[in-house]
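Please keep the structure open in the viewer, with selection by residue number ready. Each stop below names what to select and then describes what is found there.

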Amino acid sequence: QNIAELSAIMWSLIAIIPLIIAIIRARVTLNIFLPSYEQLLDLNQDAKNSIAQNGDSKIDSFNEKIELKNVNFEYLKNNLTLKNINLVIKKNEIVSIVGKSGSGKSTIIDLIMKLNGPTSGEIFIDEKNLKELENKNYKSLIGYVPQDPFLFDTTIRNNLIWANQNASENEIWDALEKSNAKEFVNKLPNKIDTMVGDRGVSISGGERQRIVLARAFIKKPEILILDEATSSLDQDSEN
């Protein structure tokens with residue numbers, strides 16, 4: 001009888017082993033998944049907290065000036081990144097914002113591009129309050145080249161017309177010439193139809209930067225913003 005009971009217990013243990021293994025695997029998977037899920041929830045909440053104000057007014061062109069009046073901005077409560085900024089940028093004027101890392105240069109760009117709104121103070125575009133402008137309409141006037149140039153895994157042509165679907169062949173080559181990219185593009189095996197790879201890995205950093213500059217030019221923006229957009233270029237190209 002003892003042998004029979006022991007055999008039954010052993011058989012039960014053997015039978016339940018696959019279930020125990022499955023539970024352990026599920027627990028390990030859950031432990032791996034939970035941090036990512038929590039991070040996703042945090043990102044989702046941050047996105048909800050950072051929704052840009054979207055107004056109803058539209059503008060067809062930029063005619064006079066951009067003006068920041070007594071602008072303050074804080075990422076963290078009671079820790080101002082920008083304090084009492086007053087700045088006027090007139091049409092056809094080139095303005096350079098220079099400062100130490102972390103001094104708020106990119107923050108000013110984000111505010112002008114309406115990616116963030118000021119904590120206090122106001123920004124005006126041709127006397128219209130920026131927060132009253134419709135986001136998509138306003139951003140259609142802006143050409144932006146970031147510090148880290150990004151290209152899609154497709155041809156140079158497709159990367160350019162992404163900014164202007166109606167660009168003609170002449171407009172494409174004109175933009176390449178303005179960004180000092182025409183010469184190197186002409187030397188590529190398939191010229192403008194050359195694939196650049198994921199994030200543009202098939203060409204050099206300076207070449208990527210010139211293609212991204214051309215993409216901004218082909219849009220023919222009313223406002224052109226360059227965030228250290230020539231950091232990878234030689235002196236002649238930068239000039």
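## Aromatic stops

Begin by selecting Y75, which counts as partly exposed because its relative accessibility is 47%. Buried denotes a relative accessible area under 20%, exposed over 50%, and partly exposed the range in between, with a 1.4 Å probe and protein chains only. Add F73, which counts as buried because its relative accessibility is 6%.

The model in view is predicted: local features require pLDDT of at least 70, side-chain atom pairs count only at pLDDT 80 or more, and totals for chains, interfaces and linings use all residues. Residues are numbered from 1 along each chain as its sequence is written, and side-chain values use heavy atoms, with hydrogens and water left out.

How many aromatic pairs does a search of the whole structure find? The search finds three. F73 and Y75 make one edge-to-face pair, 4.7 Å from centre to centre and with 85° between the planes. Next, select F152 and W162, a tilted pair with centres 5.3 Å apart and planes at 55°. These two residues link distant parts of the chain, being 10 residues apart: F152 lies in the loop between strand 5 (142-145) and helix 4 (156-161), and W162 in the loop between helix 4 and helix 5 (169-178). For such pairs, the rings of Phe, Tyr and Trp (its six-membered ring) must have centres within 6.5 Å; planes under 30 degrees apart count as stacked, over 60 as edge-to-face, and the rest as tilted. Helices (H or I, at least four residues) and strands (E, at least two) are DSSP runs, numbered from the N terminus.

Is W162 buried or exposed? W162 counts as exposed, since its relative accessibility is 53%, while F152, with a relative accessible area of 31%, is partly exposed. Add F150 to the selection: F150, F152 and W162 form one aromatic cluster.

## Salt bridges

The structure holds seven salt bridges. A salt bridge here is a side-chain nitrogen of Lys or Arg within 4 Å of a carboxyl oxygen of Asp or Glu.

Select E127 and K65, whose closest N and O atoms are 3.7 Å apart in a salt bridge. This pair joins distant parts of the chain, 62 residues apart: E127 is in the loop between strand 3 (120-125) and strand 4 (128-129), and K65 is in strand 1 (residues 65-76). K65 is buried, because its relative accessible area is 18%. Adding E67 completes a network of salt bridges that links K65, E67 and E127.

Move to E171 and K220, whose side chains form a salt bridge of 2.7 Å, N to O. This pair also links distant parts of the chain, with E171 in helix 5 and K220 in the loop between helix 7 (205-218) and strand 6 (223-226), 49 residues apart. E171 is partly exposed, its relative accessible area being 26%, whereas K220 counts as exposed at 56% relative accessibility. For another salt bridge, select K187 and E183 (3.6 Å, N to O); both residues are exposed.

## A buried residue in strand 3

Select I123, which lies in strand 3 and counts as buried because its relative accessibility is 2%. Which residues does I123 contact beyond its neighbours within four places in sequence? They are E67, L68, V71, L111, P118, K128, N129 and L130, where contact means heavy atoms within 4.5 Å. Adding R27 gives a view across the model: the C-alpha atoms of I123 and R27 are 52 Å apart, with their positions 96 residues apart in sequence.

## The patch around helix 1

Select L6, I9, M10, L13, I16, L19, I20, I23, I24, V28 and I32, which form a nonpolar surface patch with about 1000 Å² of accessible area together. Patches consist of residues with over 30% relative accessible area and no salt bridge, nonpolar side chains (Val, Leu, Ile, Met, Phe, Trp, Tyr) being joined within 5 Å and like charges within 9 Å. I20, one of the patch residues, lies in helix 1 (residues 2-49) and counts as partly exposed at 41% relative accessibility.

## The whole model

Finally, display the entire chain, which has eight helices and six strands. The radius of gyration is 27 Å, well over the 18 Å of the globule rule for 239 residues, so the protein is more spread out than a compact globule. That radius is taken over C-alpha atoms, and the rule is 2.2 Å times the number of residues to the power 0.38. Along the principal axes, the C-alpha atoms fill a box of roughly 100 × 55 × 35 Å.

Technical notes: Areas by Shrake-Rupley, 256 points an atom, 1.4 Å probe, with all protein chains shown as cover.
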